[in-house]
Amino acid sequence: MAATSGSPTSGAAAVSPAGGAAATPSPSARPAFPHQGRPGGMGFGCGGVFGAVHGQFVVPRSGGGFQTVDTQRGSVTGVSATSITVKSADGFIKTYQVASSTNVDAQRNGIGSVKTGHQVMVMATVSGGTATAVSILDFSLLPAMHGPGWNHPAPSAAPTAATG
């Protein structure tokens, strides 16, 4: 999956994943982040966009124009009150700024709960050369967030089927 940071020219068509041409979305067609604040980031789920470990794409802004978005899943190699550094399985490393508006674990915890070595998913907006985290989901904390029974144990005996 690839993205460009330039704006398409008027009337340009994009190639859809199915190989056909698709109309370029209107800049005011929908909000850039309709799922912001929900668990899993911006509606892309825990595995990122199509299970990607890292990537960059462009979405329309709700007020017009376009916004570049970074996504990354990996291990935290450094974290502070103002930044987080993540290393993906393929060796890609990136540092993201953390703001007071950054949604960490669906607002259940602050950045202070994220530790080096934790597995995370980061969604960030890019402006100039700076990527600012919009959402951080710490997979290492999911069982603690949901309490006992989150990882439901396998049944001790196979279920029996009634015949009748």
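Which side chain does a polar contact of 2.8 Å join to that of D70? In the predicted model before you, the partner is the side chain of Q56. I shall begin with this residue and work outwards through the strands.

First, the setting. The secondary structure of the protein consists of one helix and eight strands. Along the sequence, the order is β-β-β-β-β-β-β-β-α. Of the 164 residues in the protein, 30% are buried. The exposed surface comes to about 9,500 Å², and 56% of that surface is supplied by carbon and sulfur atoms. As for contacts with a separation of 6 or more, 53% of them link residues 24 or more positions apart.

Let me return to D70. This residue belongs to strand β4, which covers residues 66–79. Is D70 buried or exposed? Its relative accessible area is 3%, and because the cut-off for burial is under 20%, D70 counts as buried. Besides the contact with Q56, the D70 side chain has a polar contact of 2.5 Å with the side chain of K94. Setting aside residues up to four places away in sequence, D70 touches G55, Q56, K94, Y96, V122, M123, A124, V126 and A131.

The Q56 contact can also be placed in the strand pairing. Strand β3, residues 54–60, runs antiparallel to β4, and seven bridges join the two. Within this pairing, D70 in β4 is the bridge partner of Q56. Q56 and D70 are therefore linked in two ways: by a bridge between β3 and β4, and by the side-chain polar contact of 2.8 Å. The hairpin of β3 and β4 has five residues between the strands, and G64 there takes a positive phi near 110°.

The next residue in β4 is T71. T71 is likewise buried, at a relative accessible area of 4%. Its C-alpha atom is separated by 8.5 Å from that of F57, which is 14 residues away along the chain.

I turn now to V126, one of the residues that D70 touches. V126 is found in strand β7. What is its relative accessibility? The value is 15%, so V126 counts as buried. Leaving out residues up to four places away in sequence, V126 touches Q56, Q67, T68, D70 and A131. Both Q56 and A131 also appear among the contacts of D70. In addition, V126 and V69 are 57 residues apart in sequence, yet their C-alpha atoms are 5.9 Å apart in space.

That brings us to the later strands. Strand β5, residues 83–87, pairs with β6 in the antiparallel sense over five bridges. In this pairing, I84 stands opposite Y96 in β6; Y96 is also touched by D70. The hairpin formed by β5 and β6 has five residues between the strands, and G91 in its turn has a positive phi of about 95°.

How do β7 and β8 run relative to each other, parallel or antiparallel? Strand β7, residues 119–127, and β8 run antiparallel and are joined by eight bridges. A124 stands opposite A133 in β8. The hairpin here has two residues between its strands, and G128 in the turn has a positive phi of about 65°.

Strand β8 also pairs with β6, residues 93–104, but in the parallel sense, over four bridges. On this side, V98 stands opposite A133 in β8, and N103 stands opposite S135 in β8. A133 accordingly faces a partner on each neighbouring strand: A124 in the pairing with β7 and V98 in the pairing with β6.

Why is β8, residues 130–138, described as largely enclosed by the rest of the structure? The reason is that seven of its nine residues are buried.

Two further points concern other parts of the model. A106 lies in the loop between β6 and β7. At 28% relative accessibility, A106 counts as partly exposed. Its C-alpha atom is separated by 9.8 Å from that of D138, which is 32 residues away along the chain.

Finally, the aromatic rings. The structure holds zero aromatic pairs. There is, however, an arrangement of charge and ring: the charged end of R73 sits over the ring of F139, 4.3 Å from its centre.

To close, I return to D70: a buried residue whose side chain has polar contacts with those of Q56 and K94.

Methods. Residues are numbered from 1 along each chain as its sequence is written. This is a predicted model: local features need pLDDT of at least 70, side-chain atom pairs count only at pLDDT 80 or more; totals for chains, interfaces and linings use all residues. Side-chain values use heavy atoms; hydrogens and water are left out. Buried means under 20% relative accessible area, exposed over 50%, partly exposed in between (1.4 Å probe, protein chains only). A polar contact is a pair of N or O atoms within 3.5 Å; within protein, one must be able to donate a hydrogen and the other to accept it, and residues adjacent in sequence count only if both atoms are side-chain atoms. Contact means heavy atoms within 4.5 Å. Two strands pair if DSSP finds at least two bridges between them. Accessible areas come from the Shrake-Rupley method with a 1.4 Å probe; for residues, only the protein chains shown count as cover. Rings of Phe, Tyr and Trp (its six-membered ring) pair if their centres lie within 6.5 Å; planes under 30 degrees apart count as stacked, over 60 as edge-to-face and the rest as tilted. A charge sits over a ring if NZ of Lys or CZ of Arg is within 6 Å of the ring centre and within 35 degrees of the ring normal.
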